[in-house]
Amino acid sequence: ELIPIKYCDEIGNINLKSNPNGSINNIAGIFNNKKNILGMMPHPERMIDPSLSGEDGSLFFNNLINNLK
């Protein structure tokens, strides 16, 4: 699977309402064929501190780190 990330609602449903930019099939991230490069449209790094608009991006990075262990 080269598409690891899709836009979804808060319970995991993939639908047009949860797609903020109109991407095809709600695609938010895609790997290259070797799966060593990830291209992402969302920018969770912009949401890791309350003074930078919020902390929602921290959830992404914490889940990533926990799944790499």
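How many positive and negative side chains does the chain have, and how far apart do the centres of the two sets lie? In this predicted model, there are 6 positive and 7 negative side chains, and a distance of 12 Å separates the centre of one set from that of the other.

The framework that carries these side chains may be described next. The chain contains 3 strands and 1 helix. Read from the N terminus, the order of these elements is β-β-β-α. Strand 3 covers residues 38–40, helix 1 covers residues 56–68, and a loop lies between them. Along its principal axes, the C-alpha trace extends over about 35 × 30 × 20 Å.

The contacts and the burial of residues complete this general picture. Among contacts in the chain with a separation of 6 or more, 27% are between residues 24 or more positions apart. Of the 69 residues in the chain, 17% are buried. The exposed area of the chain is about 5,500 Å², and 57% of that area comes from carbon and sulfur atoms.

One part of the surface deserves separate attention. Ile48, Leu52, Phe61, Leu64, Ile65 and Leu68 together make a nonpolar surface patch of about 550 Å². Leu52, a member of this patch, is located in the loop between strand 3 and helix 1. Is Leu52 buried, partly exposed or exposed? Its relative accessible area is 46%, so Leu52 is partly exposed. That value fits the requirement that patch residues have over 30% relative accessible area.

Definitions and conventions
Residues numbered from 1 in each chain as written. Predicted model: local features only at pLDDT ≥ 70, side-chain atom pairs only at ≥ 80, totals over all residues. Heavy atoms only, no water. Helix = DSSP H or I, 4+ residues; strand = E, 2+ residues; numbered from the N terminus. Buried < 20%, exposed > 50% of the residue type's maximum accessible area, 1.4 Å probe, protein only. Contact = heavy atoms within 4.5 Å. Areas by Shrake-Rupley, 256 points an atom, 1.4 Å probe, with all protein chains shown as cover. Lys, Arg positive; Asp, Glu negative; His and termini not counted. Charge placed at Lys NZ, Arg CZ, Asp CG, Glu CD. Patch = residues over 30% accessible without salt bridge, like charges linked within 9 Å, V, L, I, M, F, W, Y side chains within 5 Å. Salt bridge = Lys/Arg side-chain N within 4 Å of Asp/Glu carboxyl O.
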